[in-house]
Amino acid sequence: MTQRTVLITGASSGMGAAAARLFAARGWRVYGGARRETLIPTAPNITALHLDVTVHSDNVRFVSQVMTDQPRIDVLINNAGYGEFGPLEEVPLSAVHQQLATNLLGAADLTQLVIPIMRRQRSGRIVNISSIAGDIYTPLGGWYYVSKHALNVWSDTLDVELRQFGLRSVVVAPGDTASSWSAIALRHAAANLTTDSPYRGLLTAMQGVLTTGERVSGATSADLATVFYRAATAPHPRRRYYHSPLDQFLTHIARAHPTLYHQAMVAGTRFIMRHPH
């Protein structure tokens, strides 16, 4: 059997690194890309390459290197991303552009480079790592949620367009994960506050919410890597893949009962402002 090839962005930490290890252990040829390529796992079947998905020449070089080494690309996992948190009134638009460039446009650019290869093969799969944030929202994460909402719609539209060629585009939607993600998002939120920001109290309250959710989460990066693998290999893939029934339930409530969800966010925000952790 021909060895299958997977491209994984954001492979230097968290879910991306865990996925690189898992695919390699199961016999796949893994090409991991990240800005800090020296942190990508080193193991048989893993090739670590420098990749900043917001730089078009990096994306071209990444795909070209794979095709120089391999006869085909079976799966692209668009995992690179981060959370640009902060109040919408104060997040600089330069940071907004970087958020969208990383979480949405980088995935789109790489996918445009890979689709012609997969179309010629008449097989291939695009796995887009979104979040339950693609359907829900909380205070201070507005631009991150916008990027994930957009990624979901982009993936669904792409899936409809690609099915005629035997290709699929699917979404993995993690919830709270035991990782450094929340700490990084909170650092961005603090950096995005103005000196005399009226949102400092809200940030203090949200710090407790985000860190508590991370601590109690049962999902590790390794857990999510197995979800990545299911999404990449299922013979009849679904549009969405979740780690837990709770994650799926939360997204269902937000979609099916948007007014109820919004009211819950308003009430919850008032509560945590009065009772910060």
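User: Is Asp159 buried or exposed in this model?

Analyst: The model is a predicted one, and the accessibility is computed from its atoms. Residues under 20% relative accessible area are classed as buried. Asp159 has a relative accessibility of 4%, so the class for Asp159 is buried.

User: Which residue forms a salt bridge with Asp159?

Analyst: The closest N and O atoms of this pair are 2.7 Å apart, and a salt bridge requires a distance within 4 Å. The partner has a relative accessible area of 13% and is therefore buried. The residue that pairs with Asp159 is Arg168.

User: How many residues apart in sequence are the parts that Arg239 and Asp156 tie together?

Analyst: Arg239 and Asp156 form a salt bridge, with the closest N and O atoms 2.9 Å apart. Arg239 lies in the loop between helix H7 (221-233) and strand E7 (240-241), whereas Asp156 belongs to helix H4 (residues 142-162), so the pair joins parts whose separation in sequence is 83 residues.

User: Which residues are linked with Asp156 in a network of salt bridges?

Analyst: One member of the network is partly exposed, because the relative accessible area of Arg239 is 45%. The network of salt bridges links Asp156 with Arg239 and Arg240.

User: Where do Asp58 and Arg61 lie?

Analyst: Asp58 and Arg61 form a salt bridge, their closest N and O atoms being 3.0 Å apart. Asp58 counts as buried because its relative accessibility is 8%. The two residues are separated by 3 residues, about one turn of the helix, and both lie in helix H2.

User: At roughly what angle do the axes of helix H2 and helix H3 cross?

Analyst: Two packed helices are described by the angle and the distance between their axes. H2 passes H3 in a right-handed crossing. The contact involves residues of both helices, including Phe62 and Met67 of H2 and Leu110 and Ile117 of H3. The axes of helix H2 (residues 56-69) and helix H3 (residues 93-121) come within 10 Å, and the crossing angle is roughly 35°.

User: What is the area of the nonpolar surface patch made by Leu246, Phe249 and Leu250?

Analyst: Phe249 is located in helix H8 (residues 245-256). Phe249 counts as partly exposed because its relative accessibility is 47%, and residues in such a patch need over 30%. Together with Leu246 and Leu250, Phe249 makes a nonpolar surface patch of about 290 Å².

User: How many salt bridges does the structure hold?

Analyst: Among them are the pair of Asp159 and Arg168 and the pair of Asp58 and Arg61. The number of salt bridges in the structure is 7.

Definitions and conventions. Residues numbered from 1 in each chain as written. Predicted model: local features only at pLDDT ≥ 70, side-chain atom pairs only at ≥ 80, totals over all residues. Heavy atoms only, no water. Patch = residues over 30% accessible without salt bridge, like charges linked within 9 Å, V, L, I, M, F, W, Y side chains within 5 Å. Areas by Shrake-Rupley, 256 points an atom, 1.4 Å probe, with all protein chains shown as cover. Salt bridge = Lys/Arg side-chain N within 4 Å of Asp/Glu carboxyl O. Helix = DSSP H or I, 4+ residues; strand = E, 2+ residues; numbered from the N terminus. Buried < 20%, exposed > 50% of the residue type's maximum accessible area, 1.4 Å probe, protein only. Axes fitted to C-alpha atoms, helices over the stretch in contact; angles between N-to-C directions. Left-handed = near helix turned anticlockwise from the far one by under 90°. Contact = heavy atoms within 4.5 Å.
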